[in-house]
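Thanks for coming. I will put the structure up and then talk through it.

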Amino acid sequence: MTYFPDPVDQLWNHEMVGILGYLNGVGVDIGCGRRTPVPWAITLDKDHPDADLKGDGAVLPFESGSLDWVLSCHSLEHFEDVVGVLTEWTRVLKPLGFLCLIHPDRRGVPLKGSPHADPDHKGEYWHDELAEIALLVPSLHLISKNPIGLILDDGRPWSFRMIFRKQGGNHAESR
């Protein structure tokens, strides 16, 4: 397993910089592939042989309220039921735990049905659209959304980052 920084993928390194501070304690990296940003992550991937757990991440094998953080880097777009998946990921978070999402910017990727589109992508969003969807998840509070600033050579935006916090405990702390 490769940890941050990845000597091969500078785009991934750039995406990870803004989330490293949220990955303290026990957490899961959903759809990790061959790498994860921190060595203490529990890795989950449906295909990679080095992942700690096998699965797609729609249903997590953790007790409710047992994790400090959940990371999804370029995996949420592979699910049809985004609200259901976000609800599941929130379920396993402790109160005040963090959900860190890195998602491709739909303005920069080939859309479904077009040439070169990823046939596994089910949902295509940009940060404002995904923020609206996340409002449907009880107890999930958006604390940060921003484009990462990665622009492809042809001028298209690559991805965006969103950080959510599960409400709970002292409500004033969750803001």
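**Strands, one helix, and some salt bridges**

I start with the strand pairing: E1 and E4 run parallel to each other, and the pairing extends over four bridges. Within that pair, Ile30 sits across from Ser72 of E4. On from there, the chain leaves E4, passes through helix H2, residues 82-91, and enters E5, and this β-α-β crossover is right-handed. E4 also pairs with strand E5, residues 93-104, again in the parallel sense, this time over six bridges. In that pairing, Val70 is opposite Leu99 in E5. As for E4 itself, which spans residues 67-73, six of its seven residues are buried.

I should say now that this is a predicted model. The mean pLDDT of the protein chain is 88, and 92% of the residues are at 70 or more. Where along the strands is confidence lowest, and where is it highest? The low end is strand E6, residues 140-147, with a mean of 89, and the high end is strand E1, residues 27-30, at 98. Residues 171-175 are another matter, since pLDDT stays under 50 there. The model does have 10 contacts for that stretch beyond four places in sequence. Where pLDDT is low, the predicted coordinates should not be read in detail.

Now the overall picture. The protein chain has three helices and seven strands. Going along the sequence, the pattern reads α-β-β-β-β-α-β-α-β-β. For 175 residues, a compact globule would be expected to have a radius of gyration near 16 Å, and the protein chain comes out at 15 Å, which agrees. Along the principal axes, the C-alpha atoms fill a box of roughly 45 × 35 × 25 Å. Of the 175 residues, 47% count as buried. Among contacts with a separation of 6 or more, 62% are between residues 24 or more positions apart.

Back to helix H2. Which of its residues are buried? They are Val82, Val85, Leu86, Glu88, Trp89 and Thr90. An α-helix has 3.6 residues a turn, so residues three or four places apart point the same way. What do the buried residues of H2 pack against? The list is E1, E4, E5, helix H3 (127-134), E6 and strand E7 (159-166).

Let me take one residue from that helix. Thr90 belongs to H2. Its relative accessibility is 3%, so Thr90 counts as buried. Leaving out residues up to four places away in sequence, Thr90 touches Val137, Pro138, Ser139, Leu140 and Lys166. From Thr90 to Trp69 is 21 residues in sequence, and the C-alpha to C-alpha distance is 9.2 Å.

Last topic, charged pairs. Side chains of opposite charge can pair when their charged atoms come close. How many salt bridges does the model have? The count is seven. Asp6 and Arg34 form one of these, with the closest N and O atoms 2.8 Å apart. Asp6 is in the segment before helix H1 (10-17), while Arg34 is in the loop between E1 and strand E2 (42-45), so this pair ties together parts that are 28 residues apart in sequence. Are the two partners buried or exposed? Asp6 is buried, at a relative accessible area of 1%. Arg34, at 33%, is partly exposed.

Asp6 has another partner: the side chain of Arg35 meets the side chain of Asp6 in a salt bridge at 3.2 Å, N to O. Arg35 is also in the loop between E1 and E2, and Asp6 is in the segment before H1, so here the parts tied together are 29 residues apart in sequence. Both Arg35 and Asp6 are buried. Taken together, Asp6, Asp9, Arg34 and Arg35 are linked in a network of salt bridges.

Elsewhere, Asp154 makes a salt bridge with Arg156, and the closest N and O atoms are 2.7 Å apart. Asp154 is exposed, with a relative accessible area of 52%. Arg156 is partly exposed, at 31%.

To close, I would come back to two items. E4 pairs in the parallel sense with E1 and with E5. Asp6 is buried, and the network of salt bridges links Asp6 with Asp9, Arg34 and Arg35.

How values were computed: Residues numbered from 1 in each chain as written. Predicted model: local features only at pLDDT ≥ 70, side-chain atom pairs only at ≥ 80, totals over all residues. Heavy atoms only, no water. pLDDT = per-residue confidence, 0-100. Helix = DSSP H or I, 4+ residues; strand = E, 2+ residues; numbered from the N terminus. Contact = heavy atoms within 4.5 Å. Buried < 20%, exposed > 50% of the residue type's maximum accessible area, 1.4 Å probe, protein only. Pairing = 2+ DSSP bridges. Right-handed = clockwise from strand over helix to strand, strands pointing away. Salt bridge = Lys/Arg side-chain N within 4 Å of Asp/Glu carboxyl O. Rg over C-alpha atoms; globule rule 2.2 N^0.38 Å.
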